[in-house]
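Colleague: I am new to this structure and would like to understand one part of it properly. Please take me through a close look at the loops and at the surroundings of the ligands, in one connected account.

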Amino acid sequence: MHTLEDVDKHKLPQHVAVIMDGNGRWAKQRGKLRVFGHENGVEAVRRTVENCAKLQISYLTLYAFSTENWNRPKVEVETLMKLLVASLRKELKTLHKNNIRLNTIGNIESLPSKAQKELTEVITKTANNSGMTLTLALSYGSREEIKSAVKDIAFKVKNNIISPENIDEAVINTHLYTHFLPDVDLLIRTSGEQRISNFLLWQIAYAELYFIDVFWPDFSEHHLVEAILSYQNRERRFGKTSEQLN
Ligand code: IPE
Ligand code: IPE
Ligand code: MG
């Protein structure tokens with residue numbers, strides 16, 4: 001079994017994004033309620049964050065709650081929000097210890113005010129940390145993000161702040177929630193599902209995709225290492241030929 005030491009530090013993905021999926025099925029397998037899966041998912045979050053920080057990954061983005069997840073049963077949504085608040089309170093120390101800065105992407109105003117308050121506090125308190133940037137995608141939907149960028153740009157065009165001929169990819173990037181992040185290099189999804197579920201559609205244009213058949217609460221150091229080793233064994237050609245790269 002591979003460990004963190006097996007990773008080539010000179011070929012790290014700069015930005016790793018994770019679709020943390022399978023909490024509900026993990027719990028069901030054990031004859032428990034879905035909520036039990038979410039509670040156990042928190043431990044996998046802490047593990048993954050610490051391991052990425054140890055590897056000196058610069059950016060880690062975690063899909064924690066999608067715009068579509070609002071359609072889940074009310075009790076499940078409430079539990080997820082409570083878990084978010086409790087974890088933020090508890091993990092502030094871990095973030096500091098590992099020199100991690102917290103950020104969010106998504107429609108944060110739609111979260112309960114308690115969660116917003118806790119997020120603002122942790123974001124402010126970790127703002128000067130200079131190691132890894134940890135971004136939580138909360139009430140995040142890629143289509144909503146793109147829609148809101150289009151609206152902002154259209155408004156600026158209307159008010160003569162931008163002229164249409166100057167709209168390029170960089171302008172679009174600066175209007176996305178992720179304006180402070182580089183493109184995703186490695187996207188990991190747990191639980192065996194092989195879909196994107198409205199996550200970072202623009203930003204994964206050239207990401208390497210890695211799907212793994214374990215439920216999120218079981219995702220451990222060696223699964224993370226396998227994903228990164230797989231990434232390190234791939235040739236990213238960005239449209240060029242293999243010969244051009246060498
Ligand atoms: C991922 O696990 C957590 C969230 C989407 C919030 P799920 O809750 O989707 O678990 P499954 O996919 O139903 O097993
Ligand atoms: C994606 O998981 C969202 C998060 C991990 C937060 P879902 O479980 O909501 O995805 P679908 O609906 O099965 O595609
Ligand atoms: Mg799911």
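Modeller: Asn99 is found in the loop between helix H3, residues 74-97, and strand S3, residues 101-105, and I should say at once that this is a predicted model. Although Asn99 is not a glycine, its phi is positive, at about 60 degrees. The relative accessible area of Asn99 is 30%, so it is partly exposed, since that class lies between the limits of 20% and 50%. Another residue with a positive phi that is not a glycine is Gln56, where the angle is near 65 degrees. Gln56 belongs to the loop between H2 and S2, and because its relative accessible area of 61% is over 50%, Gln56 counts as exposed.

A further loop, the one between strand S1 (15-19) and H1, holds Asp21. Is Asp21 buried or exposed? With a relative accessible area of 16%, which is under 20%, Asp21 is buried. The C-alpha atom of Asp21 is separated by 19 Å from that of Val75, a residue 54 positions away along the chain.

Asp21 also leads us to the ligands, because a residue is counted around a ligand when one of its heavy atoms lies within 4 Å, and Asp21 appears in the surroundings of ligand 1 as well as those of ligand 2. Met20, Ala64, Asn69 and Arg72 likewise appear around ligand 1 and around ligand 2.

Around ligand 1 we also find Gly22, Asn23, Gly24, Arg25, Arg34, His38 and Leu80. Helix H1 (23-29) and helix H2 (34-55) each supply at least two residues of this shell, and H1 gives the most, with three residues. By character, the shell of ligand 1 divides into three nonpolar, five polar and four charged residues. Which backbone atoms come close to the oxygen atoms of this ligand? A backbone N or O atom of Gly22 lies 3.2 Å from an oxygen atom of ligand 1, a polar backbone atom of Asn23 is 3.1 Å from an oxygen atom of the ligand, and for a backbone N or O atom of Gly24 the distance is 2.9 Å. Taken alone, ligand 1 exposes 380 Å², of which the protein buries 87%, and ligand 1 sits in the largest pocket.

The space taken by ligand 2 is likewise the largest pocket. Its surroundings also include Ile19, Tyr63, Phe65, Arg189, Arg195 and Ser197, and the largest share of this shell, three residues, comes from strand S2, residues 59-66. The shell of ligand 2 comprises five nonpolar, two polar and four charged residues. Here side chains approach the oxygen atoms of the ligand: an N or O atom in the side chain of Arg72 is 3.2 Å from one, a polar side-chain atom of Arg189 lies 3.3 Å from one, and for a polar side-chain atom of Ser197 the distance is 2.6 Å. Ligand 2 has 390 Å² of accessible area on its own, and the protein covers 78% of it.

One more loop remains, the one between helix H5 (142-158) and helix H6 (169-174), where Asn160 lies. Asn160 counts as exposed because its relative accessibility of 71% is over 50%. Between the C-alpha atoms of Asn160 and Ser220, which are 60 residues apart along the chain, there are 51 Å.

Terms used: Residues numbered from 1 in each chain as written. Chains lettered and ligands numbered in written order. Predicted model: local features only at pLDDT ≥ 70, side-chain atom pairs only at ≥ 80, totals over all residues. Heavy atoms only, no water. Polar contact = N/O pair within 3.5 Å; in protein donor to acceptor, adjacent residues only side chain to side chain. Areas by Shrake-Rupley, 256 points an atom, 1.4 Å probe, with all protein chains shown as cover. 1 Å grid on protein atoms, 1.4 Å probe; cavity = no way out; pocket = protein on both sides within 12 Å on 5 of 7 lines; lining within 4 Å. Sits in = over half its atoms within 2 Å of the grid points. Helix = DSSP H or I, 4+ residues; strand = E, 2+ residues; numbered from the N terminus. Nonpolar A, V, L, I, M, F, W, Y, C, P; charged D, E, K, R; others polar. Buried < 20%, exposed > 50% of the residue type's maximum accessible area, 1.4 Å probe, protein only.
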